[in-house]
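Q: Please walk me through one part of this structure up close, and then follow the thread outwards from there. Keep it relaxed, but stick to what the coordinates show.

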Amino acid sequence: MGVGPGDEVVVPSFTFYASVEAIVTAGARPVFCDVDPDTRNVTPDTVRAVLTPSTKAIVSVDLFGLPAPSPALRELGVPVLEDAAQAAGASLDGRRAGALGDVATFSFYPSKNLACFGDGGALTTDDDRIAELARALRFHGSRDKQTFQYVGYNSRLDEMQAAILRVALPELDGWCEGRRRAAQAYTEAGIERFVTAPVEPAGAQAAWHLYVAAHPDADELIAGLRDHGVGARAYYRTPVHRQPPMSPYAPSDGSLPVTDELARTNLALPMSPTLSVEQVDDVVSAVSSSVPAGPRRARA
Ligand SMILES: Cc1ncc(COP(=O)(O)O)c(C=O)c1O
């Protein structure tokens, strides 16, 4: 995307570290923006608040498999990179995750919705210039293995992982259906009575990579669930702007209130393509027995 030293790239802090790491690796400056408390994603308003004349790109993360509003972000006039690592199989207004920004990135790490048996990833774009550049960069900056136009990387998807992904890809939509049924089962079992449930953005079909709820005493609830044999865990308890290597880019304290609140209160409940309605009912009943007393809603 032509991002380099002196450029700023807007990115959420409530995400996996890699969304931001890539900006620093490119020599640019990450500028953190806050997220929406319901969808946990960036919005045109949270991004607009930190745009400057030096903003060269926006990273919009489809967090937990819920698509971010990348098409609306593109209207801000800055190129958008959609981090779709968690969103394979999601869609927004009928368009697939991976086709929502100018460029999108996927991870096929084994825990992902579309997974290989090791490490792998892909980039999608309808920009021929970027596609051609990426093809060269992944092979040490060469197009023909003889001449080298750029300083690139070894970032090829190896054949074994590609073969596994070719088998998995046709299953993706079916697996996502299973995840959607499980998310629906949480709603029908009344999970909202005990925790703040995730909210699917308008027009979205989430991929439900994770089912992330929130509660003011999330850690206590996680410990209680463990006692009931239910695995639950927190994500990004230390948001990226508070990680030590990011201190040069951290905004002044208090400027990302929703991020800080979600980092403190989130907990991921079980989610998988094969999670049955009965299992969801068991989880919800474990939540009802473990939930600490106090206000239900954890909102910034
Ligand atoms: C939102 C997000 N971005 C980027 C990545 C990085 O993916 P990988 O480790 O395959 O490079 C991940 C992986 O966990 C992720 O969840």
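A: **Strand 4 and what surrounds it**

Let's start in the middle of a strand pair: I58 stands opposite V80 in strand 4. Keep in mind that this is a predicted model. Strand 4 covers residues 80–83, and I58 belongs to strand 3, which takes in residues 55–61. The two strands run parallel and are joined by four bridges. Further along the pair, V61 has D83 as its bridge partner in strand 4. Strands in a sheet pair through backbone hydrogen bonds, in either a parallel or an antiparallel sense.

Strand 4 has a partner in strand 7 too: three bridges join it to residues 103–107, and this pair is also parallel. One of the matches there is E82 with A104.

Now look at where the side chains of strand 4 go. V80 and E82 point one way, L81 and D83 the other. That fits the usual pattern, in which side chains of a regular strand alternate between the two faces of the sheet. Here, each of these four residues is buried, whichever way it points.

Strand 3 is mostly covered as well, with six of its seven residues buried. Besides strand 4, it pairs with strand 1, again in parallel, through three bridges. E8 is the residue facing T55 in that pairing. Going back along the chain, G6 sits in the segment before strand 1. With a relative accessible area of 63%, above the 50% cut-off, G6 counts as exposed because of that value. Beyond its close sequence neighbours (those within four places), G6 is in contact with G27 and S54.

**Where the ligand comes in**

Two residues we have just met, V61 and D83, turn up again around the ligand, together with T15, F16, A18, S19, A85, Q86, S107 and K112. By type, that shell splits into four nonpolar, four polar and two charged residues.

Which atoms of the ligand does the side chain of D83 approach? A nitrogen atom: it lies 2.7 Å from an N or O atom in the D83 side chain. So D83 has two roles in this picture: bridge partner of V61, and polar neighbour of the ligand. The ligand's oxygen atoms have polar company too. One lies 2.9 Å from an N or O atom of the Q86 side chain, and S107 places a polar side-chain atom 2.7 Å from an oxygen of the ligand. Taken alone, the ligand would expose 400 Å², and the protein buries 72% of that. S107 also ties back to the sheet, since strand 7 spans residues 103–107.

**T15, on the loop side**

T15, another member of the ligand's shell, comes from the loop between strand 1 (8–12) and helix 1 (18–25). Is T15 buried or exposed? Its relative accessibility is 3%, under the 20% limit, so T15 counts as buried. Its side chain makes a polar contact of 2.7 Å with the side chain of S19, which is also listed around the ligand. Setting aside neighbours within four places in sequence, T15 is in contact with V20, V61, L63, Y236 and V240. V61 links things up nicely: it is a contact of T15, the bridge partner of D83 and part of the shell around the ligand.

**For contrast, an open sheet elsewhere**

The parallel pairings above have an antiparallel counterpart in a three-strand open sheet, ordered 6-5-9. Strand 6 (95–96) and strand 9 are at its edges, each with a single partner strand, so each has one side without a neighbour in the sheet. Strand 5, residues 91–92, pairs with strand 6 over two bridges, and L92 has R95 as its bridge partner.

Following strand 9 (204–205) along the chain leads to W208, in the loop before strand 10 (211–214). W208 has a positive phi, near 45°, although it is not a glycine. Its relative accessibility is 6%, so W208 counts as buried. K145 also has a positive phi, near 65°, but with a relative accessible area of 58% K145 is exposed. It belongs to the loop between helix 4 (128–137) and helix 5 (159–168).

Note on methods
Residues numbered from 1 in each chain as written. Predicted model: local features only at pLDDT ≥ 70, side-chain atom pairs only at ≥ 80, totals over all residues. Heavy atoms only, no water. Near = heavy atom within 4 Å. Polar contact = N/O pair within 3.5 Å; in protein donor to acceptor, adjacent residues only side chain to side chain. Areas by Shrake-Rupley, 256 points an atom, 1.4 Å probe, with all protein chains shown as cover. Nonpolar A, V, L, I, M, F, W, Y, C, P; charged D, E, K, R; others polar. Buried < 20%, exposed > 50% of the residue type's maximum accessible area, 1.4 Å probe, protein only. Contact = heavy atoms within 4.5 Å. Pairing = 2+ DSSP bridges.
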